[in-house]
Structure formats: structure tokens, C-alpha cells
Amino acid sequence: MGALVLALTALGLSLVFGVMRIVNVAHGEFFMLGAIVAWYVSTLTGSFLLALLVAPVAVAGVAVLADRFVLRRIGYEPESTIVATIGLLYILQQTVLTTYGPYARPVEAPVYFRVDFPWFGYSGYKLVVAGVAAVLLLVTWMALSRTTLGLQMRATQQDREMAQAFAVPVGRVYTVVFGVGAGLAAAAGALIVPVQQAHYLMGLDALLMSFVVVILGGLGSLRGTLVAAFVVGLSDGAISVLFSPTLAKIVATLLVALVLAVRGRGLFGEELA
Amino acid sequence: MTDDRRGLALGLHLGVLALLGALQLVLPPFHHGMVARVMVLAAYAVGYNVLLGYTGLMSLGHAMFFAAGMYGTGLTIQHWGFGAGAGFLAGIVAGLAVAAAVGLVTLRTAGPAFLIVTMMLAQAFNLATLYFNDVTGGDQGFILSGLGLDLFGVRLAFADPAVKYNAALVVFAACLLLSFWLTGSPAGRVLLALKENEERTRLLGYNTVRCRLFAVVVSGLLSAVAGSTYTLLFSYVGSTFGGILYSIYPLLWTLLGGAGTTLGPLVGTLVMTYFVDVASAITTGYLIVVGAALIVMVLWAPAGIVGGIRVRWAPWLP
């Protein structure tokens, strides 16, 4: 379960980094915002399915606005972009704090069934989460490899100027990628609300774990991101059983810092900066 | 820069320090304490500026150096019964050790990679202080009491506002003058060259690796000095000061005041601390001013306050 949701979040970050060459520090807040929007929608309308549809779209809208009014105007300059996304992080997080409040609130899981294996039981919703996440990953994958927009994204990723010379609307591709990246994180956030709870500080952990995945998988390599998400998602669970979760996080962050320090491109990917 | 311009700049710096010294006579108690705090935090920002403004490396992990100074001082006083002076030295040693280690690990990274590596290392450091909470007190932290310094037979208690203010002033003055001296020194010039064009600096025969290490260590050292001073003057140690917010603060203060200007960190810290103070009286989400300030600066004022003044009116400002 954790692995697929993590993969979804990390894929968004990886897509944005790969195509736009920017580090989006506010990515975790898009995840958080997805969870919060899902809580609001499902509490107001009583339909979790609607929440699952609304959350990614609404958050993608926020991301597109941020792209239009901030990132585009600073020309996606790497360090200014990082500063701007840190600013975005605090604006989103603190807006949620003042409106939604400092509470951790869950949503009722939409399905109730348990799958019982002889040796352990499994809550049905977790399987649903895994299924939906897997479908979303597959859809993203197909969109990237089979559609014109996906082709344009990959062209922009490989060579921005050459893509522009071949009439790829690079500006629009950037906006779409930023929106889709945020939407993927928001979908992951919405999916996880019934299992965890919606809280305004849940973004930082999501961001750090996504960084861990994206860096281990290789910056800009989508396939690497997926593989790393499974390795990290499964091993994080296993390590957390044996040791304390804090210790597991310390080990993971240190490991990633060292990987990036020794090999600037992560394990399989391209050079950062 | 010609020598008389340099003299003018030195005069300005001494004038600012004298002004800060004179302020304590007129400030009402609340602002008296506030400015003392600002001076300690500004020393932290001065340390950050050595790396961002004069070497061109943007770090998101400086809280680790601040916290190293803080824990180095706080833990030795709390657990080993060190005095204030020995605790201060322990904080500096801890800061130097952490800075040297981080400098060595990050040698090969630049730009966004440097930023993420420092952020990850700081996060691991902060989680470690939470993990060993039976020693560090975790996010509750611990309070020290009765801190003071015996100077020529006179007991200077840090709880006394006047002592607090002047101790903060002395530490800030030392950090400011060190950074002023650095901008005029050959070593500082090489750092600037590194910021402008690392490749060319290396071709000119400078050992850029050693220069970078030097910059990280100096920057980390000043940050640790600030952290240690904060512990001594405000008698508190806690993991909040090692969190990501305290890595973002010096970035914000430095950018707001003007990265690459010696007085920028002070101006930025002063303005932002008061902004945050006013905002926190209005709303629980007061950190929104931090976010808004970052975006406003990136969009409309990338040079910061002092940087803007330098561009328009005073090109001689260091």
C-alpha cells in the first residue's frame, strides 16, 4: 500500500524535475492539500469517490496558478525557483492551518471488507488504494509514452531548445507538467486520508520520502523512480517493524544524502544542475 | 575598491555597531529584549551569508550548524557541569566538527544538489536529536538556569537584560567585523571568484576545493557561535532550532537584507523578526508572512534591501 502511494507522489516530483529541471520544494504541500480537499469534499457531500476526483483537479489548478504567476515570471531559474517554492510551501501550509485548523481528521473508508489470509488479515480499503494507485501510475505511463502531449513532454525533457525549434509549445508543456505533478501528489494525498488522517503538517514527510525515492531512483528517470518507490516503500515498512520509524528515517535520509554527494545524479539518473 | 572607500565602509560598520550599542539606553524593555535576540539571530544570518552571498552556495541545512552550537553548549553544561565559557567553547568545537564533516561530504555538489544534500543531512541531524530524546530532551528541550560569566571578579548573569544585550552585541560585532574583514581579504576575494565562475577560478590556479571547504567551515562556525550564544543568553535548548524552519530563516533574512552585503543579514533579520512578531499577534498562521516575503523577493526584489541600496546609491558597500 505505502509503496504505491509513495510511488505516485514521487512520480509527480520526478516528472516535474525531469521535464522542467526544477526542484519543487512545495511538492509535499500538494500532497497535503489533496488530503485536505478530499476531507472537505467527502465531509460536505458524503461521497469519497467525488473527493478522489475533485482533489487532484483542484490542486492541479492551484499549481497551474503558481506556475503562471510565479515560476514562469522568474524564468524557472533553479535557485530562485527553490526559494519561490519554499514560499509556496509556507503559504499553502499556513493557509490550511488558519482555515482547516491544527486537527488531524480522518475520512470514513468507502469500502468495508477484510481479506483474510490464513496468516494475516488485510483491510480491504488498503487493497483499493493499491489498485487505484497502480491504475493511475499506468495511466501516467501510457500518457507519457503514447500521446502527443507525452511526446512533447519527453522532447522537452531531452532538449528544451530543440523541442521549441520543432514547434513544441514548451511554455504550455511546463504548465501542464507542473499541474500534473501536483495532481499526482494530490491524488496520493486523497487516497491516503481514510488510512492516515488529514493534517496540515503531513507534507514535509511526503516531500522528504519523495526526495529519497527520486534521488535513489535517479533524477529525471521515471522508471528508476518507480523501482525506487517499491524498494523504499517496502523496506521502510520492514525496517520500521524491526527498528523505530525515526531510526529508519535517519538511515534513509543519510543514505540519500551520501548517494547524492558521491554521485550527483542519484543511482541511475541524469546530472542535477 | 580603493582604500578610502574601504575606510568609509569600515566607518559605516562601526557606526551601525555604535548605534546598536546606544539603542539599549532608549529602548523600552520589550524591544530591548527583542533587539538582543535579533542580534544573535543576525550573527547566524551573517554566517549564512558567507556561504550564500560570498561563495554562491545555497544551503538548506544551516540549522544543523546552529543546533550543533546549541547542543554542544547546552548538553555539556547540563550533563557535564561545564561553565558558560567552557560550554561556549564546546559549542564552537561541535560546530566546527559538524561543519567540517558537512563540508567534506558536500565537496562535489553544487547548486540544487548542494541544497538537497544539506537539507537531508540537517533532517537526519534533527531526527537524531529527537531519537536520543533522553539526552537531548527532544522537542520539549530543556531549560538551563543561573548562567553567567565571572569577569575580573564581577559576576555577569545572562538573565540580566543589560548583560544579555551587551553580550549579544559583542558576539554580533565579532561576526560582522569578521565578515567585513573577509570581504576585503584575499581569501574572501577568491570566494567571490568562486561564486562568479568556479571553472575559471580553478584554471587561474586556485585550489577551489580547499576554498569551498574553508567557506563552509567559516559559515558553519559563525552559525554555531550564534547557536551557542542563543543557548547561553536565552537559557533554552530544543530541537525546534534544528528544524527546517531554522534553515529557511537565515536564507530569508539574508535574501531580504541582501545576499552578498555585509549589513544585509542584520537588516533582514531585524525587519523579518518584527514582521513575524506582528503577524503572530494577528493569526496562528503567521508563518504565511515568511512564504509571502520569499515569493515577493524572488519576483520583485532579488537584490534585497541593502543590495538595492548598493545598486542605486552606494556601489562602495561591501
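This passage describes the overall build of chain B and the setting of Tyr54(B) in a predicted model.

Chain B contains 14 helices and 4 strands. Its radius of gyration is 19 Å, close to the 20 Å that the globule rule gives for 318 residues, so chain B is as compact as a globular protein of that length. Along the principal axes, the C-alpha atoms occupy a box of roughly 50 × 45 × 45 Å. Of the 318 residues, 56% are buried. Contacts in chain B often link distant parts of the sequence: among those between residues at least 6 apart, 76% join residues at least 24 apart.

The accessible surface of chain B amounts to about 13,000 Å². Carbon and sulfur atoms account for 69% of that area. Chain B carries 14 positive and 10 negative charges. The mean positions of these two sets lie 9 Å apart.

Tyr54(B) sits in helix H2 of chain B, which spans residues 29–55. Its relative accessibility is 7%. Tyr54(B) therefore counts as buried, since the cut-off for burial is under 20%. Beyond its neighbours within four places in sequence, Tyr54(B) touches Asn49(B), Thr183(B), Leu191(B), Leu192(B) and Lys195(B). Its contacts also include Gly260(B), Thr261(B), Thr262(B) and Pro318(B). A further spatial relation involves Ser179(B), 125 residues away along the chain. The C-alpha atoms of Tyr54(B) and Ser179(B) are separated by 9.6 Å.

Definitions and conventions. Residues numbered from 1 in each chain as written. Chains lettered and ligands numbered in written order. Predicted model: local features only at pLDDT ≥ 70, side-chain atom pairs only at ≥ 80, totals over all residues. Heavy atoms only, no water. Helix = DSSP H or I, 4+ residues; strand = E, 2+ residues; numbered from the N terminus. Buried < 20%, exposed > 50% of the residue type's maximum accessible area, 1.4 Å probe, protein only. Contact = heavy atoms within 4.5 Å. Rg over C-alpha atoms; globule rule 2.2 N^0.38 Å. Areas by Shrake-Rupley, 256 points an atom, 1.4 Å probe, with all protein chains shown as cover. Lys, Arg positive; Asp, Glu negative; His and termini not counted. Charge placed at Lys NZ, Arg CZ, Asp CG, Glu CD.
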